[in-house]
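Reader: I should like a close look at a single part of this protein, set within the whole. Please describe one helix and its residues in detail, and then relate that part to the rest of the chain.

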Amino acid sequence: MTLLLVAGRKDDADDAIAQALEIYRRFGPELALARCIGIQACVAERRDDFDAARVLHRDALARFRALGDERRVGAVLTNLGATEFLSGNLLEAQRCYAEALEIILRRKDVRDLAIVQGDIAINLIALDDVVGAREAGRAAMGSAISISDPTYVADVVLELACVGARSDRMDAAARLFGYASRQYASAGLPNRMRTFKPAQWLTEWLADRFGAIEFERLTSEGAAWSEKRAIEEAFKV
């Protein structure tokens with residue numbers, strides 16, 4: 001089911017989820033049912049059906065809480081926060097993220113920590129809290145570095161590039177944008193620049209600020225950076 005969702009085959013995922021739900025509701029186990037409901041919530045979110053996604057996330061959340069599965073409680077709270085963010089309910093998103101962060105910090109799961117810290121940074125940018133977004137973004141970068149995954153680092157580079165853009169450091173934002181774009185292309189993830197919210201914001205903001213020639217110059221400079229250089233520059237914004 002998860003692989004079908006990642007591949008974008010939402011209709012096939014629906015069929016697989018429906019079959020699994022029927023089995024798990026009749027025979028269990030409860031953990032498998034809760035996980036299946038969580039996947040169903042993600043499918044609904046991918047379809048922009050945020051009302052359905054919210055209900056399903058909360059159902060999965062209640063089941064994981066009852067099972068005492070703290071790791072999955074933190075993950076679902078992060079997903080619920082993302083649904084609220086996409087719905088425009090930024091304060092509720094922040095509440096979900098804050099609760100998830102508390103759990104994930106206690107569990108010391110660095111990968112989940114990088115995700116929720118990055119999501120907090122994005123949400124705070126949307127709330128025009130540049131100082132808070134910078135703090136969250138720098139924390140997310142620390143977590144991403146410890147994972148040693150270039151894609152996670154590129155995500156946070158873009159989040160901090162947004163902080164730079166909102167702080168009127170547009171040249172730095174453009175160079176960071178160029179670095180992240182090259183990393184996604186190298187990882188076989190070029191669509192990330194079209195689907196990741198910070199990339200969407202930066203595409204718009206940078207187009208408003210720079211002409212084509214200057215944009216190409218700045219992004220090309222960033223694309224040539226090493227990861228070490230990109231991280232150093234991201235921490236400066």
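**Helix H4 in its setting**

Author: Read along the sequence, the pattern of this predicted model is α-α-α-α-α-α-α-α-α-α-α-α-α-α. The protein has 14 helices and zero strands. Its C-alpha trace spans about 60 × 35 × 30 Å along the principal axes. The radius of gyration is 19 Å, which agrees with the value near 18 Å for a compact globule of 237 residues. Of those 237 residues, 47% are buried. Among contacts with a separation of 6 or more, 61% join residues 24 or more positions apart.

The part chosen here is helix H4, which covers residues 50-67. At 1.5 Å a residue, its 18 residues should span 26 Å, and the end C-alpha atoms are 25 Å apart, so the two values agree. The buried residues of H4 are Phe50, Ala53, Arg54, Leu56, His57, Ala60, Leu61, Arg63 and Phe64. Just after H4, Gly68 takes a positive phi of about 70°.

Two neighbours in sequence, His57 and Arg58, may be taken in turn. His57 lies in H4 and has 0% relative accessibility; because buried means under 20%, His57 counts as buried. Leaving aside neighbours within four places in sequence, His57 is in contact with Gly38, Ala41, Cys42 and Glu45, and also with Val76, Asn79, Leu80 and Thr83. Of these partners, Val76, Asn79, Leu80 and Thr83 fall within helix H5, residues 70-87.

Arg58 also belongs to H4. Its relative accessibility is 34%, and it therefore counts as partly exposed. When residues up to four places away in sequence are not counted, Arg58 touches Leu80, Glu84, Glu92 and Arg95. Leu80 thus appears in the contacts of His57 and in those of Arg58. From Arg58 to Gly68 there are 10 residues along the chain, and their C-alpha atoms are separated by 15 Å.

Helix H5 leads on to the aromatic residues. The whole structure holds three aromatic pairs. One of them joins Phe85 and Trp201 edge-to-face, at 6.4 Å centre to centre and with 75° between the planes. This pair links distant parts of the chain, since Phe85 lies in H5 and Trp201 in helix H12 (residues 197-209), 116 residues apart. Phe85 and Trp201 are both buried. Together with Trp205, they form one aromatic cluster. Arg166 lies over the face of Trp205, at 3.8 Å from the ring centre. Elsewhere, the charged end of Arg192 sits over the ring of Phe196, 4.0 Å from its centre.

Trp205 also has a place in the nonpolar interior. In soluble globular proteins, nonpolar side chains tend to be buried together. Here the largest nonpolar core has 74 residues, and those with the most contacts inside it are Met141, Val157, Leu158, Leu202, Trp205 and Leu206. Helix H9, residues 150-166, gives the most to this core, with 11 residues. Leu202 touches Leu158, Ala161, Cys162, Ala165, Ala173, Phe177 and Ala207, not counting residues up to four places away in sequence.

Note on methods. Residues are numbered from 1 along each chain as its sequence is written. This is a predicted model: local features need pLDDT of at least 70, side-chain atom pairs count only at pLDDT 80 or more; totals for chains, interfaces and linings use all residues. Side-chain values use heavy atoms; hydrogens and water are left out. Helices (H or I, at least four residues) and strands (E, at least two) are DSSP runs, numbered from the N terminus. Buried means under 20% relative accessible area, exposed over 50%, partly exposed in between (1.4 Å probe, protein chains only). Contact means heavy atoms within 4.5 Å. A nonpolar core is a set of buried Ala, Val, Leu, Ile, Met, Phe, Trp, Tyr and Cys residues joined through side-chain atoms within 4.5 Å. The expected span of a helix is 1.5 Å times one less than its number of residues. Rings of Phe, Tyr and Trp (its six-membered ring) pair if their centres lie within 6.5 Å; planes under 30 degrees apart count as stacked, over 60 as edge-to-face and the rest as tilted. A charge sits over a ring if NZ of Lys or CZ of Arg is within 6 Å of the ring centre and within 35 degrees of the ring normal. The radius of gyration is taken over C-alpha atoms; the globule rule is 2.2 Å times the number of residues to the power 0.38.
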